[in-house]
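Visitor: Could you take me through one part of this model in detail? I would like to look closely at the sheet and then follow what surrounds it.

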Amino acid sequence: MAMIVLSPSLQSFPPAEAIRSSRLDSYLRLPSFQVSSSPSSLDDGFNFRKASEFRNADECGFADPKTTGVCDPSLVHVAITLDVQYLRGSIAAVHSILQHSLCPENIFLHFLVSEIDLETLVRSTFPQLKFKVYYFDPEIVRSLISSSVRQALEQPLNYARNYLADLLEPCVRRVIYLDSDLVAVDDISKLWSTNLGSRTIGAPEYCHANFTKYFTNSFWSDDRFSEAFRGRKPCYFNTGVMVIDLGKWRRHGFTKRIERWMEIQKSDRIYELGSLPPFLLVFAGRVAPIGHRWNQHGLGGDNVRGSCRDLHPGPVSLLHWSGSGKPWLRLDSKKPCPLDALWAPYDLYGHPH
């Protein structure tokens, strides 16, 4: 039997030391909380505890009170979606970011929503948080979405990241985009300071992955499509963690380029996997590389079974439960994977664990 002992907060440990890859042969058992999936019963179905207060360290300095809005140049901008199905994950992600930030008061969250007003819930959970809620109209993209290997990948809000340059204020020229199924265990400002050089986006790349599998045989056999990668050395990257230069994105019209590939997909079926392939078509081989520590992805298993996974070798700054298995669902079912225990300390849903 193996035992996991968790500190109430991992903040006091260096990221590489706080988490070590381990193969455990027993599951952690935590109390079960049921989540309502009905938007009409939001008040009854969701009960989040208020997060602990957070303050900037002395070395962060103080913002000019005249420039404390979204255009304040000292802010670190983070965008994340909010919906009923993944709300518990989004709240945990924000909680983890604040816990591990040296200057949490300098973080500005941009929440993307499509269904219901969640602003009151966010405010009650994070009373000090600087944030704004942006409505993303699902009709903008609904006609462009094709069927995928997993229904969850077909939700319009998955495509909201394609429109960040339009949704966010023009003065916001850089943003970190994060999926809802992750937690940070390092200071997000380190990711924010990534040097993108001439590139529009930065992300951890995985050049050992079989890149051809992300597209159909008909794509690779048709020169009209496969020539999109001519002159590039494309590598797989996960779009759940990206640093985006919105200024360059706007100048080069990348939203329209992504939409064009989605239109082609509707008629020619050139890929099978949701919102990722259009990003690969536009950006693969043109990405500013970021250390793998910032996206330890795949912890949710594959897109069908959601089986347990171990960490990749190396240091860890961010844990990402991409795949079909989500830690809050596995914990509630009392059948968690070992690494789900590392997500649990950031969960603010229900009563204290």
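Guide: Happily, and let's begin with a pair of strands. In this predicted model, strand S2 (residues 107–113) runs parallel to strand S3 (residues 130–135), and six bridges join the two. To find the register, look at Phe108, which stands opposite Lys130 in S3. The connection between these strands passes through helix H4 (residues 119–125), and S2, H4 and S3 together make a right-handed β-α-β unit.

Now turn to strand S1 (residues 76–81), which also pairs with S2 in the parallel sense, again over six bridges. Here Ile80 is the residue to pick out, as it stands opposite Phe111 in S2. A right-handed β-α-β unit is found here too, made of S1, helix H3 (residues 87–99) and S2. S1 has a further parallel partner in S4, to which two bridges join it; Val78 has Ile176 of S4 as its bridge partner.

How well covered is S1? Six of its six residues are buried. One side carries Val76, Val78 and Ile80, the other His77, Ala79 and Thr81, and both faces are covered.

These pairings belong to an open sheet of seven strands in the order S3-S2-S1-S4-S9-S6-S10, where the pairing is mixed. At the edges stand S3 and strand S10 (288–289); each has a single partner strand, so one side of each is left without a neighbour in the sheet. In general, strands of a sheet pair through backbone hydrogen bonds, either parallel or antiparallel.

Next, the nonpolar cores. The largest one has 50 residues, and those with the most contacts inside it are Leu164, Phe215, Phe237, Ile244, Trp249 and Phe283. Helix H12 (residues 276–283) supplies the largest share of this core, six residues. Apart from it lies another core, of 41 residues, which includes Leu121, Leu178, Leu196 and Tyr349. As a general point, nonpolar side chains in soluble globular proteins tend to be buried together.

Trp249 is a good place to stop inside the 50-residue core. Leaving aside residues up to four places away in sequence, Trp249 touches Asn162, Ala165, Thr200, Ile201, Ile244, Phe254, Thr255, Ile258, Phe279 and Phe283. One of these partners, Thr255, is found in helix H11 (residues 254–268). Thr255 has a relative accessible area of 9%, so it counts as buried, the cut-off being under 20%. With the same four-place limit on sequence neighbours, Thr255 touches Asn162, Tyr163, Asp166 and Trp249. Asn162 therefore appears in the contact lists of both Trp249 and Thr255, where contact means heavy atoms within 4.5 Å. The C-alpha atoms of Thr255 and Val282 are separated by 9.8 Å, with their positions 27 residues apart along the chain.

Charged pairs add another layer, as the structure holds 16 salt bridges. In one of them, the side chains of Asp181 and Lys326 meet at 2.5 Å, N to O. This pair links distant parts of the chain, 145 residues apart: Asp181 lies in the loop between strand S4 (174–178) and strand S5 (182–184), and Lys326 in the loop between strand S11 (318–320) and helix H13 (327–332). Asp181 and Lys326 are both buried.

H13 takes part in another salt bridge, through Arg330. The side chain of Arg330 meets that of Asp340 at 2.9 Å, N to O. Asp340 lies in the segment after H13, ten residues from Arg330, and both Arg330 and Asp340 are buried. Elsewhere, Arg88, Asp332 and Asp347 are linked in a network of salt bridges.

Buried or exposed: what are Glu53 and Arg55? Both are exposed. Glu53 and Arg55 form a salt bridge in which the closest N and O atoms are 3.7 Å apart.

Finally, a word on confidence. The chain averages a pLDDT of 85, and 82% of the residues score at least 70. Over residues 1–41, though, the pLDDT is below 50, and this stretch has 78 contacts in the model beyond near neighbours in sequence. Where pLDDT is low, the predicted coordinates should not be read in detail.

Note on methods: Residues are numbered from 1 along each chain as its sequence is written. This is a predicted model: local features need pLDDT of at least 70, side-chain atom pairs count only at pLDDT 80 or more; totals for chains, interfaces and linings use all residues. Side-chain values use heavy atoms; hydrogens and water are left out. Two strands pair if DSSP finds at least two bridges between them. Helices (H or I, at least four residues) and strands (E, at least two) are DSSP runs, numbered from the N terminus. A crossover is right-handed if, with the strands pointing away from the viewer, the path from the first strand over the helix to the second runs clockwise. A nonpolar core is a set of buried Ala, Val, Leu, Ile, Met, Phe, Trp, Tyr and Cys residues joined through side-chain atoms within 4.5 Å. Buried means under 20% relative accessible area, exposed over 50%, partly exposed in between (1.4 Å probe, protein chains only). pLDDT is the predictor's confidence in each residue, from 0 to 100. A salt bridge is a side-chain nitrogen of Lys or Arg within 4 Å of a carboxyl oxygen of Asp or Glu.
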